[in-house]
Protein chains: 2
Amino acid sequence: MDISELGKFGLISHLTDHIQTSNPSTIKGLGDDAAVLEYKGKAVLLANNLLLEGIHFDLTYVALKFVGYKAATTCFSDIYAMNGQPRQLSVSMGISKRFSVETIDELFMGIEYACERYGVDLVGVNTYSSLTGLCIGVTVAGEADRDTIVYRNTAKNTDLICVSGDLGSAYMGLQLLEREKAVHTGETDFTPDFAGKEYLIERQLRPEARKDIVELLAQNRIMPTSMMDVSDGLASELLHICKQSNVGCVIYEERLPIDFQTAMMAEQFNMNLTTVALNGGDDYELLFTVPLHLHKEMQAIDGIHLIGHIVEPEENAHLIARDGTKIPLVAQGWTKQNKYKTENE
Amino acid sequence: MDISELGKFGLISHLTDHIQTSNPSTIKGLGDDAAVLEYKGKAVLLANNLLLEGIHFDLTYVALKFVGYKAATTCFSDIYAMNGQPRQLSVSMGISKRFSVETIDELFMGIEYACERYGVDLVGVNTYSSLTGLCIGVTVAGEADRDTIVYRNTAKNTDLICVSGDLGSAYMGLQLLEREKAVHTGETDFTPDFAGKEYLIERQLRPEARKDIVELLAQNRIMPTSMMDVSDGLASELLHICKQSNVGCVIYEERLPIDFQTAMMAEQFNMNLTTVALNGGDDYELLFTVPLHLHKEMQAIDGIHLIGHIVEPEENAHLIARDGTKIPLVAQGWTKQNKYKTENE
């Protein structure tokens, strides 16, 4: 169905009429100039992202439900990275003529599924026309106790550096998808075979926010000294924590958590595995620091990896390679002509 | 300066290092995964918009500082339309290679100026690359007393319908700008002469949010029964209030507030002035209803116009023309092939 048949308010109503809210902090969700929230004596966390077609997603190989899911979970990830709980999501979309009502439905299927899984209320939907492609603005509000919010600028000398899950797998998933796209150029309908590499594809297309890690830390009564989510790549984020906290860091190549499929694919693609893990991006794992005395407790928690420690600012940021060499840690940022790695948040 | 020289974090730091916060509800502004707000016992209002180049603004004739200003004020307008006060603003931008650091500075000049004028803290800035043009996602958080928030779905039979300021001037401003653009096609640098039409241009390029009206109503202890801001055009918004409140309405052509310059230009352009006032869009005035007994009080307030009243739902929505004819009120929505009128929120 052509979107113009519904009109703007018709489309919004079509997308949202069935949506209900469940968080007590959601006073009024959809359907007004603004959503109304209330957090008595709690802090409100606010984060917003933008996802642009051709930059953050390529509809040649990504179904819109995945785009929707990822748009939501990567925004939730920002709230978990503050040690908070996402509660409300508001979405604005710029939609070009190329998209039908059915395709936008599919996008919403992903958004709603993410909201459902993470207990988040969808409280705002705006639609606009776009001249070129699809553009999605997502805003999430979350709650937290003011004295347990974890910032980026509070890492301390001697703190342990921890990261959840594994690194580089989402990036390798992207490489796989890009290769398939190149191979099948010109074909309108192709079903690539990703047998044995499902994990990598899943990590790229349908990343989860690490709600479980935040819960695990709380259960173990561990309060990180600093935290952020890994969206641009470990190196970039770690340097960010160091700069903001005015500290240095040392991490160990051998301790970087890397999945078997990632290692296999890096070899196939003839890529340096450590570079992939350090700069891959789109991991959406949690990078955090904890006081040194929690060493044993941290080692006992499944799915969290100790990869190094914080040092004095004068010592800067380094990676200790497997052979013992000390290599300055450098972020591959926007300046590099690598579309993928540089544009993500 | 090329944006790639700064890199992503460099650009954000360049844009925001000097920014300070002043609202007590802003616990932590820029520089983390999310902004941290706290409203003890107050409600939080959350609104987000998207502005797309070519749809919401045309850089051939709009300076970026105006784009920034408008991006902010039109978002504040959503909070005032709930009878709240905007407090925090978060901005995400997709920026194509065509833009330099200086141009983004100009955009920010406008955003910051709006924040300053409206007492809003800038608490979030994200930048992304874009393949085509500039895309701006703005999110605003505001505060309100829970029992004085004004919704769209609470207009009652016999209520008076009021609108602030005047209607259609921003739309005529756009027509003027579009005409100048067409006349000067191909010229890279032209200075059009808008003498005597400054108000129309100002209304289009630099709209204000009606903070003053919200304050005026509070001073006069008047609490609207329903309210929304006029972004898509009076007819569309009024029908929206009627539908959501399950009521009908009658408005009077002769009471529509129209500026002299608007009337002059409509004649020059051979446009129906009432159509312009009803469907022009981009007015960012406040449309609201008040109980009938406040008739005298409302008439005494400068800058607020009584344009009609709410009726039973069975009577639907009508305009009473100057000659007494009763015309069904119709919104010109997305379905009409008018780029301008249909894409704004």
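Two residues are in contact if their C-beta atoms, placed from the backbone, lie within 7 Å. The legends below apply this criterion to a predicted model.

**View 1. Leu238(A) and its neighbours in the nonpolar core.** Leaving aside residues up to four places away in sequence, Leu238(A) touches Cys249(A), Ile251(A), Leu287(A), Ala317(A) and Leu329(A). The largest nonpolar core comprises 214 residues. Leu238(A) is among those with the most contacts inside this core, together with Leu45(A), Leu45(B) and Leu238(B).

**View 2. The two chains and the relation between them.** A turn of 180° with a shift of 0.0 Å along the axis lays chain B on chain A with an RMSD of 0.0 Å. This is the relation of a two-fold axis. Both copies use the same surface, since 100% of the contact residues of chain B recur in chain A. For the complex, the predictor reports an ipTM of 0.88 and a pTM of 0.90.

**View 3. The contact between chain A and chain B.** Chain B contributes 63 residues to the contact, and chain A contributes 63 residues. On the side of chain B that touches chain A, strand E3 (residues 43–52) of chain B gives the most, with nine residues. By residue class, that side of chain B consists of 27 nonpolar, 24 polar and 12 charged residues.

**View 4. Strand pairing across the contact.** Strand E3 (residues 43–52) of chain A runs antiparallel to strand E2 (residues 35–38) of chain B, and four bridges join them. Within this pairing, Val44(A) stands opposite Leu37(B) of E2(B). E2(A) and E3(B) are likewise paired in the antiparallel sense, over four bridges. There, Ala35(A) has Leu46(B) of E3(B) opposite to it.

**View 5. The hairpin of E1(A) and E2(A).** Strand E1 (residues 26–28) of chain A is joined by two bridges to strand E2 (residues 35–38) of chain A, and the strands run antiparallel. Lys28(A) has Val36(A) in E2(A) as its bridge partner. Six residues lie between the two strands of this hairpin. Gly31(A), in the turn, has a positive phi of about 100°. E2(A) thus appears in two pairings: with E1(A) in the hairpin, and with E3(B) of the other chain.

**View 6. Arg221(A), a non-glycine residue with positive phi.** Most residues other than glycine have a negative phi. Arg221(A) is not a glycine, yet its phi is positive, at about 50°. This residue lies in the loop between helix H6 (211–219) and strand E8 (226–230) of chain A. Is Arg221(A) buried or exposed? Arg221(A) is exposed, because 8 other C-beta atoms lie within 10 Å and the limit for an exposed residue is 12 or fewer.

**View 7. Asp282(A), in a loop of chain A.** Asp282(A), also not a glycine, has a positive phi of about 65°. Its loop connects helix H9 (273–279) with strand E10 (285–290) of chain A. Asp282(A) counts as buried, because it has 24 C-beta neighbours inside 10 Å and burial requires 20 or more. Of these two loop residues, Arg221(A) is exposed, whereas Asp282(A) is buried.

**View 8. Confidence along chain A.** Chain A has a mean pLDDT of 89, with 95% of its residues reaching 70 or more. Over residues 333–345 of chain A, pLDDT stays under 50. For this segment the model has 35 contacts beyond four places in sequence.

Terms used
Residues are numbered from 1 along each chain as its sequence is written. Chains are lettered from A and ligands numbered from 1 in the order in which they are written. This is a predicted model: local features need pLDDT of at least 70, side-chain atom pairs count only at pLDDT 80 or more; totals for chains, interfaces and linings use all residues. Ala, Val, Leu, Ile, Met, Phe, Trp, Tyr, Cys and Pro count as nonpolar, Asp, Glu, Lys and Arg as charged, and the others, Gly among them, as polar. Two strands pair if DSSP finds at least two bridges between them. pLDDT is the predictor's confidence in each residue, from 0 to 100. Copies are superposed by least squares on the C-alpha atoms of residues with pLDDT of at least 70 in both. A nonpolar core is a set of buried Ala, Val, Leu, Ile, Met, Phe, Trp, Tyr and Cys residues joined through C-beta atoms within 7 Å.
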